[in-house]
Amino acid sequence: MSISRISPDVHFESLFAENPQGVGASDCAGNLVAVNDALCAMSGYAREELLGRHLRSFAPEEGAQIVERSLTETMLGRSLTFDFNAIHRSGAVTEVFVTTLPMYRDHVVDGIYFIFQDLSDRKAAKRLIAEQAQELHDRNRGFRSLFQQNPDGVLALDCDGTILDVNDACLRIGNYPRDAVVGRSYKDFLAGAEIARTSSFFERGLAGESVSSEIGSASIDGQPRTCVATMIPQFSDGRVVGIYAVIQDITQRKKDQLRVETQSQRIRELYLMATSGNYSDSHVMTTLMMGCRLLRMDVAAIIDYTPDRPVVEARFEVDSSGSDDGIELLALAQAVLDSREVGGARYGAVIGEVLTVAGERYGVLLFASRQGRGTEIEETDRDLVALMAALLGGALERRRARADLRTLAYFDTLTGLPNRVMFQERVRDAIENAQSQFCRVAVLFFDLDRFKDINDTLGHAHGDHLLQLVANRLLSVVGDQATVARTGGDEFIVLLPDCDGMESIRVVAERLLHAIDDPYQLDDYEQFITASIGIAVYPEDGKTDLALIKNADIAMYRAKDRGRNAYQFYTPTLEAPIQMRLSQEKLLRRALELDEFRVYYQPEVRLSSGAVVGLEALVRWHHPKSGIIYPGQFIPSAEISGLIVQLGDWVLRTAARQTHEWHKHIPGLRLAVNLSARQFHQPDLRSRIAQALEQADFDPSHLELEITETVAMSEAAQTVAIMRDLKESGMHIAVDDFGTGYSSLSYLRHFPLDVLKIDQSFVAGIGTEPNDETIVKTVIAMAHSLGLEVVAEGVETQAQFDFLREHDCDRAQGYFISAAVPADAADAFLTASAQGLRS
Ligand code: C2E
Ligand code: MG
Ligand code: MG
């Protein structure tokens, strides 16, 4: 390709050939097709050597990419300029400024022009300009003083970036001596990464623009400084001859800014912490610690300012060596609450804020610095403390809520006593301790006797109140070492963690029973209640908490079986009766089928005449192998299984039939039959009784139904209805075992009763226990005043018999007259008695 082909205009030939700058033309691939003399001179190559060479071959390795890119761009029709380190034939590198131009043929790019300008010339020109600037600068004295006295640092730079002059303020920024600065390039004072960026600003300055930029530098001892540099171009005759760089040290400002940022970061952390669910005590401490750091304080405290009993609830100290007793902190908190000027002997700056929890004043959040530390308080600090107080308030509230939850999880809400979960934990701890201390651990399982009846008759409010009273009494007996827990309705459980022997446990058990059976005042009612206690002891009766509790429970059932108001130590054989109950049910059913039950009769005599006026039917089990089994052994399981209903029917039928026979000799003889709770609440009770009596041809008016106090008092309204119903048929109703329950005579008034049977335990005291005598006398008198007939049970001696007669008791029953005997023996007794009366 010849140049004439590219440009037909001959004038351009000379522009190409004579151009003082190096000019070349390449084909589309970048291979030189034409070069002028100047280019040959610049590159050091002969024309022949240049032609056909690719432009790339003039570029050092790192410049190849620039060349390629410029080719591509230019082929797309764009003109480019770029700096380029070209390699001279000698190997020396010359900085050249390259301009590319697309070469068109028939509107299609067909090649590229390159114009190379040697930059070393321009640099020489710049140096000249700088010298002129220096002159100008030197000439201008007024300007110079402005330069020197400027509070900001000012540098005078030539167009190459060489520092020509520097003011004192600038030297102070980096603590450099003047000599170390003047004559050096500004780049020498920049952090490595900053150089390229700052250079581009500098270039823009040279281009006449005034620009600012943040730069990272370092003082002479290597301390990093952050500055803002403003490049101000210096003009002379319309040309830029140098740059003034105004330098402001913003290192401190940056630090402050960073502090503000970390502060807000900390506030965010505080917030997150405060709003997160598990805000523990250690979080509160962290908050105090962080507050100290942010505010440059030495002590932080949360003061619970309950007026009579203020306490430092939490405290953090930066250096706790000089720790005080907190009294001064309390005084500071008081001052904060009173909005007084705060200050103290020990502390200098103080900030405080009232803490509110759940809308109520809780106390004070306090920060203080030690005297002489010179900490100053800024307005933003107060805001920060206010914020912390708000967050802590929320956190404390949640902590309180969690404490409430803990209370719910570990305590009984009614009595405030620990619950079973906590009790078990305490037992485990006690066992662990006992292992190393070689002591015993006792678990006492309590059940209030007949508590259900109190609830049913007096209502739940009274029942609850009674439980609280019982809880207090238990606590007062056992002392601090022990744990009293409520594990269920009327169940309490006591842990004696450190016992030396069985005797000491026995003493506590007795004291507990005693404490419980004192009367309770419930509004107008005086209530009596007893408890049954089962005791299991580590290590004998169990090695784990669960085993001890279970065995104490078993022992408690035995205590109940044995007549309540008693305690019972666990023994392995105790488990037997419970197992037995289940199999007993089967045995009882079979015994009923096999007709192994017998009715025994115990006579009742009228005290005034000594005549037999009645008989109580008492059931016995004639076991083919075991002999006679007494009702105490099987009535409870018959009751539980429900079999008592059938058994009761059978007893009534049998006794009625038998008594009907005796009526032939002793007309009007009364038959007393026991009714258990289960029987009494049978919906068809009346028709069942009526049926049994009909079958025996027995007149209902000769029947007396014995129900216990407990049965009589349960579900009062219903009980009254049932009694009325029975009485309509002419039957009589007696309350059995009077005095063992908790009923009072005045309460019994509400029931349509006919007869009251004083429990044998009171009768047993006649002649020995003045108290019992008083009770018996009073009961007789009061029962009479209520129109009730009185029967004394368990009369065993003449003295008892006489006492009862003396005090107008109506009837007597007991071994002194006769034990319960089989029908034939009763028959003989009745005949003899009838004859005795007749004679
Ligand atoms: P309870 O109705 O209070 O019967 C009186 C108990 O005292 C009887 O015991 C009787 O044998 C006993 N006893 C009589 N006189 C004396 C005495 O002078 N001294 C002493 N220490 N005890 C005396 P038992 O027969 O063992 O009956 C116990 C309980 O079993 C009865 O107490 C009654 O509640 C219940 N029971 C007995 N038979 C039946 C029945 O057929 N049906 C129902 N539902 N319960 C029955
Ligand atoms: Mg009875
Ligand atoms: Mg009785």
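Q: Which element gives the most to the shell around ligand 1?
A: E23 does, with four residues. Helices (H or I, at least four residues) and strands (E, at least two) are DSSP runs, numbered from the N terminus. This is a predicted model, in which local features need pLDDT of at least 70 and side-chain atom pairs count only at pLDDT 80 or more, while totals for chains, interfaces and linings use all residues. Residues are numbered from 1 along each chain as its sequence is written, chains are lettered from A and ligands numbered from 1 in the order in which they are written, and side-chain values use heavy atoms, with hydrogens and water left out.

Q: How many residues surround ligand 1, and which are the closest?
A: A residue is near a molecule or strand if one of its heavy atoms lies within 4 Å of it. Here 21 residues surround ligand 1. The closest are Gln 602, Arg 620, Asn 674, Glu 796 and Tyr 815.

Q: What classes of residue make up the shell around ligand 1?
A: Ala, Val, Leu, Ile, Met, Phe, Trp, Tyr, Cys and Pro count as nonpolar; Asp, Glu, Lys and Arg count as charged; the others, Gly among them, count as polar. The shell around ligand 1 holds seven nonpolar, seven polar and seven charged residues.

Q: Where does a polar side-chain atom of Glu 793 lie relative to ligand 1?
A: A polar contact is a pair of N or O atoms within 3.5 Å; within protein, one must be able to donate a hydrogen and the other to accept it, and residues adjacent in sequence count only if both atoms are side-chain atoms. The Glu 793 atom is 3.1 Å from an oxygen atom of ligand 1. Asp 737 also offers a side-chain N or O atom 3.1 Å from a ligand 1 oxygen. With Tyr 815 the backbone takes part: a polar backbone atom sits 2.8 Å from an oxygen of ligand 1.

Q: What area does ligand 1 expose when taken alone, and what share does the protein bury?
A: Areas come from the Shrake-Rupley method with a 1.4 Å probe; for residues, only the protein chains shown count as cover. Alone, ligand 1 exposes 800 Å², and the protein buries 82% of that. The elements giving two or more residues to its shell are E23, helix H20 (631-641) and E27.

Q: Which residues coordinate the magnesium ion (ligand 2)?
A: Donors are N, O and S atoms within 2.8 Å of the metal (3.2 Å for Na, K and Ca); water is not among the atoms, so sites may look incomplete. For ligand 2 the donors are Glu 616 (OE), Asn 674 (OD1), Glu 706 (OE) and Asp 736 (OD), at 2.0 to 2.3 Å. Along the chain they follow the spacing E-x57-N-x31-E-x29-D. Glu 616 lies in strand E23 (residues 612-623) and Asp 736 in strand E27 (residues 732-738), so this pair ties together parts that are 120 residues apart in sequence.

Q: Are Glu 616 and Asp 736 buried or exposed?
A: Buried means under 20% relative accessible area, exposed over 50%, partly exposed in between (1.4 Å probe, protein chains only). Glu 616 is buried at 4%. Asp 736 is buried too, at 7%.

Q: What coordinates the magnesium ion (ligand 3)?
A: Asp 736 (OD), Asp 737 (OD) and Glu 793, which appears twice (OE and OE), do so at 1.9 to 2.6 Å. The donor residues are spaced D-D-x55-E in sequence. Asp 736 bridges the magnesium ions ligand 3 and ligand 2, which lie 4.0 Å apart. Asp 737 is partly exposed, at 24%.

Q: How many disulfides does the structure hold?
A: A disulfide is a covalent bond between the sulfur atoms of two cysteines. The cut-off is a pair of cysteine sulfur atoms within 2.5 Å. The structure holds zero. Cys 28 is partly exposed at 34%, and Cys 159 is buried at 6%.

Q: Which side chain does Ser 532 join in a polar contact?
A: That of Asp 449, at 2.6 Å. Ser 532 lies in strand E20 (residues 531-538). With 0% relative accessibility, Ser 532 is buried.

Q: Where is a cis peptide bond found?
A: Most residues other than glycine have a negative phi, and most peptide bonds are trans. Tyr 538 and Pro 539 are joined by a cis bond, with omega about 5°. Pro 539 sits in the loop between E20 and helix H18 (545-561).

Q: What is the phi of Arg 450 and of Asp 697?
A: Arg 450 has a positive phi of about 55°, though not a glycine. Arg 450 is in the loop between strand E15 (440-448) and helix H15 (451-458), and is partly exposed at 24%. Asp 697 has a positive phi near 55°. Asp 697 belongs to the loop between helix H23 (685-696) and strand E26 (703-708), and is exposed at 55%.
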